[in-house]
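Please open the structure in a viewer with a cartoon representation and keep the selection panel at hand. The tour below moves from one selection to the next and states what is found at each stop.

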Amino acid sequence: MSGTAMIDFAKYKDAFQTIKLERSPSGILQMTLHSNGGPYIWDARAGTGVSHQEMGDALQQIARDRENKVVILTGSGDRFSGPQASKATMSRGDTRHWEYLQTHGAHMLMDLLDIPAPMISCINGPAYRHAEIPFLADIVLAADDALIQDSAHFPNRMVPGDGIALIFPFLMGWNRGRYFHLTGQTLSASELKEMGLVNEVMPRERLLPRAWELAEQLIQNNPLVLRHTRSVLTAPLKALLRQYLELDLALEALAAIDEGSH
């Protein structure tokens, strides 16, 4: 490892229950989300929500390690994230619970955007929970049966205030994005490609080979060019989140506490 690295990969490589990290000698890091080896289950319970806590922690470690030259993000099995939300899965806690979610939610998205390496995401199947995460990558690949839905918010009497309602209208266009959230719309991989949110659609088994092919192409460039290009491409999204994310999280919490009191 070169002297420019700020953190030793070996110290965090096996630190997470829900995120498998593998890195090639050339510096391509594959980040695979999973729950006990199977499809990723999103869990944001304060103090016990392992996936929510680990996501932010892992992103921080990845961002600090300059030996990560390109990052590939994918899920496990036939689903990127789930399960599809219902009233039984929703957060309804008190003020302390929402303070926890606000803190970790605000940091998680910014930590992802703070990764200085170009990112490639592979949406390997339906993304029902925090579907915005793979769309913060610079290149987005999707399985032909992938889809996204914001199942966790407005359809379940929740304000979409944790960043998702900033990111999708920004990427889709404001009217498409607002419709997506207010109706609980499901969008297929082909529809997302038509909108320009997904770059390539292919069978699931071809996703990771294609991501690695693209990563090998990117890594041929000067490391400084890679890092600064990532910074330039993410700057508008960072500015948007800095301006509105804390307010959005607060409004989500306020409505959720009231909803839970009835």
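The stops below cover the sheet, the cores, one helix, one proline and the salt bridges. The model is a predicted one.

**The sheet as a whole**

Begin by selecting the open sheet of 6 strands, whose order is β1-β2-β3-β4-β5-β8 and whose pairing is mixed. Its edge strands are β1 and β8 (200–202), each of which pairs on one side only. On average, and with direction ignored, neighbouring strands of this sheet are turned by 20° against each other. Next, add helix α7 (residues 204–218), which packs on the sheet and touches β2, β3, β4 (119–123), β5 and β8. The direction of α7 makes about 165° with that of β5.

**Strand β2 and its partners**

Select strand β2, residues 28–33, and display the side chains. How many of its residues are buried? The count is 6 of 6, so the strand is mostly covered. In a regular strand, side chains alternate between the two faces of the sheet. In β2 both faces are covered: Ile28, Gln30 and Thr32 are buried on one side, and Leu29, Met31 and Leu33 are buried on the other.

Now add strand β1 (residues 19–23), which runs antiparallel to β2 and is joined to it by 5 bridges. Within this pair, arginine 23 stands opposite leucine 29. The hairpin of β1 and β2 has 4 residues between the strands, and glycine 27 in this hairpin takes a positive phi near 105°.

Strand β3 (residues 70–74) also pairs with β2, in the parallel sense and over 5 bridges. Here threonine 32 stands opposite threonine 74 of β3.

Move then to strand β5 (residues 139–143), which is joined to β8 by 3 bridges and runs parallel to it. Alanine 143 stands opposite methionine 202 in β8.

**The nonpolar cores**

Select Leu21, Met31, Met55, Phe135, Ile148 and Phe168, the residues with the most contacts inside the largest nonpolar core, which has 67 residues. Apart from this core lies another, of 6 residues, including Tyr100, Leu101, Ala253 and Ala256.

Centre the view on phenylalanine 168. Which residues does it contact, leaving aside neighbours within four places in sequence? They are Ala131, Glu132, Phe135, Ile148, Gly173, Gly177, Phe180, His181 and Leu197.

**Helix α5**

Gly177, Phe180 and His181 are buried in helix α5 (residues 174–183), which is the next selection. Seen down the axis of α5, the buried residues fall within an arc of 90°, and therefore line one face of the helix. The face turned away from this buried side carries the exposed residues Asn175 and Leu182. The buried residues of α5 pack against β6 (147–148), α4 (164–172) and β7 (187–188). After the helix comes glycine 184, with a positive phi near 65°.

**Proline 160**

Select proline 160, in the loop between β6 and α4. Is this residue buried or exposed? Its relative accessibility is 17%, so proline 160 counts as buried, the cut-off being under 20%. Not counting residues up to four places away in sequence, proline 160 touches Asp150, His153, Ala165 and His181. Its C-alpha is 19 Å from that of leucine 197, and the two residues are 37 apart in sequence.

**Salt bridges**

Side chains of opposite charge can pair when their charged atoms come close. The model has 10 salt bridges. Select aspartate 65 and arginine 23, which form one with their closest N and O atoms 2.9 Å apart. Aspartate 65 lies in the loop between α2 (50–64) and β3, and arginine 23 in strand β1, so this pair ties together parts that are 42 residues apart in sequence. Aspartate 65 counts as buried, at 1% relative accessibility, whereas arginine 23 is partly exposed, at 23%.

Another salt bridge joins lysine 13 and aspartate 14, at 3.3 Å from N to O. Lysine 13 is partly exposed at 32% relative accessibility, and aspartate 14 is exposed at 64%.

Lysine 69 and glutamate 67 also form a salt bridge, with their closest N and O atoms 3.6 Å apart; glutamate 67 is buried, with a relative accessible area of 14%. For the last stop, select Glu200, Arg210 and Glu213, which are joined into one network by salt bridges that share partners.

Conventions:
Residues numbered from 1 in each chain as written. Predicted model: local features only at pLDDT ≥ 70, side-chain atom pairs only at ≥ 80, totals over all residues. Heavy atoms only, no water. Buried < 20%, exposed > 50% of the residue type's maximum accessible area, 1.4 Å probe, protein only. Helix = DSSP H or I, 4+ residues; strand = E, 2+ residues; numbered from the N terminus. Pairing = 2+ DSSP bridges. Axes fitted to C-alpha atoms, helices over the stretch in contact; angles between N-to-C directions. Contact = heavy atoms within 4.5 Å. Core = buried A, V, L, I, M, F, W, Y, C linked by side-chain atoms within 4.5 Å. Arc of directions from axis to C-beta. Salt bridge = Lys/Arg side-chain N within 4 Å of Asp/Glu carboxyl O.
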